[in-house]
Amino acid sequence: MQTIYELRFQGINPQMSRASAPLELKPTTLSARLVIQSLKLARGRVLQRMTGYLVRRGNEVEAEYRASLG
């Protein structure tokens with residue numbers, strides 16, 4: 001399976017940024033196609049879990065940044 005993703009950050013104001021993470025999955029085998037089909041069927045739950053992970057990770061990065069400022 002071929003996976004392509006990028007993280008995009010857009011500044012909204014000096015205190016806030018918007019992050020997006022587009023993900024592209026390309027199956028290269030039959031079993032990879034089955035995995036992709038399963039992900040499509042569970043799309044809502046998968047997106048909810050990915051969003052939760054990105055929010056938690058963003059909060060961790062923000063806390064580390066603020067701690068480094070003093």
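The following dialogue takes up the two largest pockets of a predicted model and how their linings are described.

Student: What should be kept in mind about the numbering and the model?

Tutor: Residues are numbered from 1 along each chain as its sequence is written, and side-chain values use heavy atoms, with hydrogens and water left out. Because the model is predicted, local features need pLDDT of at least 70 and side-chain atom pairs count only at pLDDT 80 or more, whereas totals for chains, interfaces and linings use all residues.

Student: What makes Phe 9, Ala 19, Leu 54, Gly 58 and Asn 59 part of the lining of the largest pocket?

Tutor: The largest pocket has a volume of about 890 Å³, the space filled by probe spheres set on grid points joined across faces, edges and corners. A pocket is an open set of points on a 1 Å grid over the protein atoms alone, where a 1.4 Å probe fits, with protein on both sides within 12 Å along at least five of seven lines, and lining residues have an atom within 4 Å of a point. Those five are the closest to the centre among the 25 lining residues.

Student: Which element supplies the largest share of that lining?

Tutor: Helix H2 (43–69) does, with 13 residues; helices are DSSP runs of H or I with at least four residues, and strands are E runs of at least two, numbered from the N terminus. Strand E3 (16–20) also supplies at least two.

Student: Why is Thr 51, in the lining of the second largest pocket, counted as polar?

Tutor: Ala, Val, Leu, Ile, Met, Phe, Trp, Tyr, Cys and Pro count as nonpolar, Asp, Glu, Lys and Arg as charged, and the others, Gly among them, as polar, so Thr is polar. That lining divides into nine nonpolar, one polar and two charged residues.
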